[in-house]
Amino acid sequence: KESINVAGHASTAGLSKRIGTLAPSDAPMIAALRKAGAVPFCQTNLPQTNLSYGCSNPLFGATLSPLDAARTPGGSSGGEAALIAAGGSVLGIGADIGGSV
């Protein structure tokens, strides 16, 4: 999820003012996963500031369902849902404020 810090990568949360601001260190969840042998390979799309029923932002656009492009995976973990549904990863990190997970 693009709001979770991965050392050396931007975590913009869909905000243009955060483009180019690189995370100095891993978020605790990323550090724990690395310790267990995981290799983070991408950060997935999310709604701007993680707060929306849909999954789009001005920087990266809308996330579409890989099973039906007329639909969108909803909520702040929609990018993770699309990646998993497409078979792009066996594991994703979701966060929940309003019921998206």
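Helices here are DSSP runs of at least four residues, and strands are runs of at least two. With those terms, the chain of this predicted model has 2 helices and 2 strands.

**Overall build**

The order of elements from the N terminus is α-β-β-α. The chain is as compact as a globular protein of 101 residues, because its radius of gyration of 13 Å is close to the 13 Å from the globule rule. Along the principal axes, the C-alpha atoms fill a box of roughly 35 × 30 × 20 Å.

How much of the chain is buried? Of its 101 residues, 31% count as buried. The accessible surface comes to about 6,000 Å². Carbon and sulfur atoms hold 60% of that surface.

Contacts also reach along the sequence. Take the contacts with a separation of 6 or more: residues 24 or more positions apart account for 40% of them. As for charge, the chain has 6 positive and 5 negative charges. The mean positions of these two sets are 6 Å apart.

**The nonpolar core**

In soluble globular proteins, nonpolar side chains tend to be buried together. Which residues form the largest nonpolar core of this chain? There are 5 of them: Ile4, Val6, Ala27, Ile30 and Ile93. One member, Ala27, touches Ile4 and Asn5, leaving aside residues up to four places away in sequence. Ile4 is itself part of that core.

**The loop between H1 and E1**

Helix H1 covers 28–35, and strand E1 covers 56–57. Thr49 lies in the loop between them. Asn50 is found in this loop too. Neither residue is a glycine, yet each has a positive phi: about 60 degrees for Thr49 and near 70 degrees for Asn50.

Are these two residues buried or exposed? Thr49 has a relative accessible area of 39%, so it counts as partly exposed. Asn50 is at 19% and is therefore buried. The cut-off for buried is under 20%.

**Strand E2**

Strand E2 takes in residues 61–62, and Ala62 is found there. Ala62 counts as exposed because its relative accessibility is 56%. The cut-off for exposed is over 50%. Ala62 still has partners beyond its sequence neighbours: not counting residues up to four places away, it touches Asn45, Cys55 and Ser56. Of these, Ser56 belongs to strand E1, which covers 56–57.

**Helix H2 and the segment after it**

Helix H2 covers residues 78–85. Its buried residues are Gly78, Gly79, Glu80, Ala82 and Leu83. Gly87 follows H2 and has a positive phi, near 80 degrees. Gly94 sits in the segment after H2. At 44% relative accessibility, Gly94 is partly exposed.

**Two pairs in sequence and space**

Ala62 and Gly94 each come with a partner from elsewhere in the chain. The table sets out both pairs, with distances from C-alpha to C-alpha.

| Pair | Apart in sequence | Apart in space |
|---|---|---|
| Ala62 and Leu46 | 16 residues | 8.6 Å |
| Gly94 and Gly14 | 80 residues | 16 Å |

**In brief**

The chain runs α-β-β-α. Its largest nonpolar core takes in residues including Ile4 and Ile93. In the loop between H1 and E1, Thr49 is partly exposed, whereas Asn50 is buried. In strand E2, Ala62 is exposed.

Conventions: Residues numbered from 1 in each chain as written. Heavy atoms only, no water. Rg over C-alpha atoms; globule rule 2.2 N^0.38 Å. Buried < 20%, exposed > 50% of the residue type's maximum accessible area, 1.4 Å probe, protein only. Contact = heavy atoms within 4.5 Å. Areas by Shrake-Rupley, 256 points an atom, 1.4 Å probe, with all protein chains shown as cover. Lys, Arg positive; Asp, Glu negative; His and termini not counted. Charge placed at Lys NZ, Arg CZ, Asp CG, Glu CD. Core = buried A, V, L, I, M, F, W, Y, C linked by side-chain atoms within 4.5 Å.
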